[in-house]
Amino acid sequence: MASDQLSLLRRLRIRSHDLLEAGTSEDRLSVVVDCFLIALIILNVIAFSLETVESVDAEWGRQLRWFDVGSVIVFTIEYLLRIWSCVEIPPLRHLKGWKARLRFAARPMLIIDLLAILPFYLAFLGFDLRVLRVLRLLRFFKIARYSPALQTLGQVIANERHALYGTVIIMAALLLTSSTIMYFLERHVQPDAFGSVPQAAWWALSTLTTVGYGDVTPVTALGQLFGGLVMIFGLGMFALPIGIMATGFSQEI
């Protein structure tokens, strides 16, 4: 009798794992569950946005909050089922139950799942609900689990992380160099805009990213000449990580 109950429990865990983690397009119920969760995630983001509109919140605020409660219940059940059924994953089967679940809960996607529901429960402990509401946007990142393209992107970033670190260092060096040179070229003419390297960094950042707000511009001949060079360097600065990511995508595919 005990063995039958154990077997039934294991079958339920395996089925839960198949529905939530390892579902395929041939499993109709798994597709339905995935579509339902994706729709719920999108609706949660829309509901959060609508709550920030005063007229909508005044008329529909109560319904939106009840929808949030229902969503949290669904996401909590989903999270607990994932933790409960993870012991059926082959790499974790050799571990003790608590250790397997702890290791599984430390995965990035499970951390996002936890952070997506945590604000709701923290509100009962006296935390500022207005601040915690912002964390509800983390629910949108749950959709990455159902997007092969986003999973591929994550894998590419992980594979190319060392090269991407290098580009970040190059960007930081270029920003610091541009800010310092422009500080020496323009500080006497525009002390309010270029009176220090941090102040000049705002101009350098907007120029290197080719945004060019125009609120701060060089006025000296040397400053304008150097500004043109910084614009050209900005174009090459973004071409570098784009090339790395494109190469990584082609290799991953």
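Let's start with the largest pocket, which has a volume of about 640 Å³ in this predicted model. A total of 22 residues line the largest pocket, and those nearest its centre are M109, A144, R145, Y146 and Q151. Three elements give two or more residues each to this lining: α1 (2-20), α5 (108-122) and α7 (148-159). Of the contributors, α5 gives the most, with four residues. In character, the lining of the largest pocket divides into 15 nonpolar, three polar and four charged residues.

Now for enclosed space. Rolling a probe the size of a water molecule over the atoms shows where empty space is left. A search of the whole structure turns up one cavity of 30 Å³ or more, and the largest cavity holds about 30 Å³ of space. Around the largest cavity you will find N44, V45, F48, R136, L137 and R139. By type, this lining is made up of three nonpolar residues, one polar and two charged.

Next, the charged pairs. Side chains of opposite charge can pair when their charged atoms come close. The count here comes to three salt bridges. In one of them, R65 meets D57, with 3.4 Å from N to O. R65 has a relative accessible area of 36%, so it counts as partly exposed. D57 is likewise partly exposed because its relative accessibility is 24%.

The other two bridges are worth following together. E78 and R82 meet at 2.8 Å, N to O. Because these residues sit four apart in helix α3 (residues 54-85), about one helical turn separates them. Both E78 and R82 are buried. R82 also forms a salt bridge with D113, where the closest N and O atoms are 4.0 Å apart. This second pair links distant parts of the chain, since R82 belongs to helix α3 and D113 to helix α5, 31 residues apart. D113 is buried, as is R82. Through shared partners, the salt bridges join E78, R82 and D113 into one network.

Turning to the surface, look for the nonpolar patch formed by I42, L43, I46 and L50, which together have about 310 Å² of accessible area. One of its members, L43, lies in helix α2 (residues 28-51). With a relative accessible area of 43%, L43 is partly exposed.

Finally, find T210 in the loop between α10 (197-208) and α11 (221-252). T210 is partly exposed, at 49% relative accessible area. Its C-alpha atom is separated by 40 Å from that of C35, and the two residues are 175 apart along the chain.

Definitions and conventions
Residues are numbered from 1 along each chain as its sequence is written. This is a predicted model: local features need pLDDT of at least 70, side-chain atom pairs count only at pLDDT 80 or more; totals for chains, interfaces and linings use all residues. Side-chain values use heavy atoms; hydrogens and water are left out. On a 1 Å grid over the protein atoms alone, a cavity is a set of points where a 1.4 Å probe fits but cannot get out, and a pocket is an open set with protein on both sides within 12 Å along at least five of seven lines; lining residues have an atom within 4 Å of a point. Grid points are joined across faces, edges and corners, and a volume is the space filled by probe spheres set on the points. Ala, Val, Leu, Ile, Met, Phe, Trp, Tyr, Cys and Pro count as nonpolar, Asp, Glu, Lys and Arg as charged, and the others, Gly among them, as polar. Patches are made of residues with over 30% relative accessible area and no salt bridge: like charges are joined within 9 Å, nonpolar side chains (Val, Leu, Ile, Met, Phe, Trp, Tyr) within 5 Å. Accessible areas come from the Shrake-Rupley method with a 1.4 Å probe; for residues, only the protein chains shown count as cover. A salt bridge is a side-chain nitrogen of Lys or Arg within 4 Å of a carboxyl oxygen of Asp or Glu. Buried means under 20% relative accessible area, exposed over 50%, partly exposed in between (1.4 Å probe, protein chains only).
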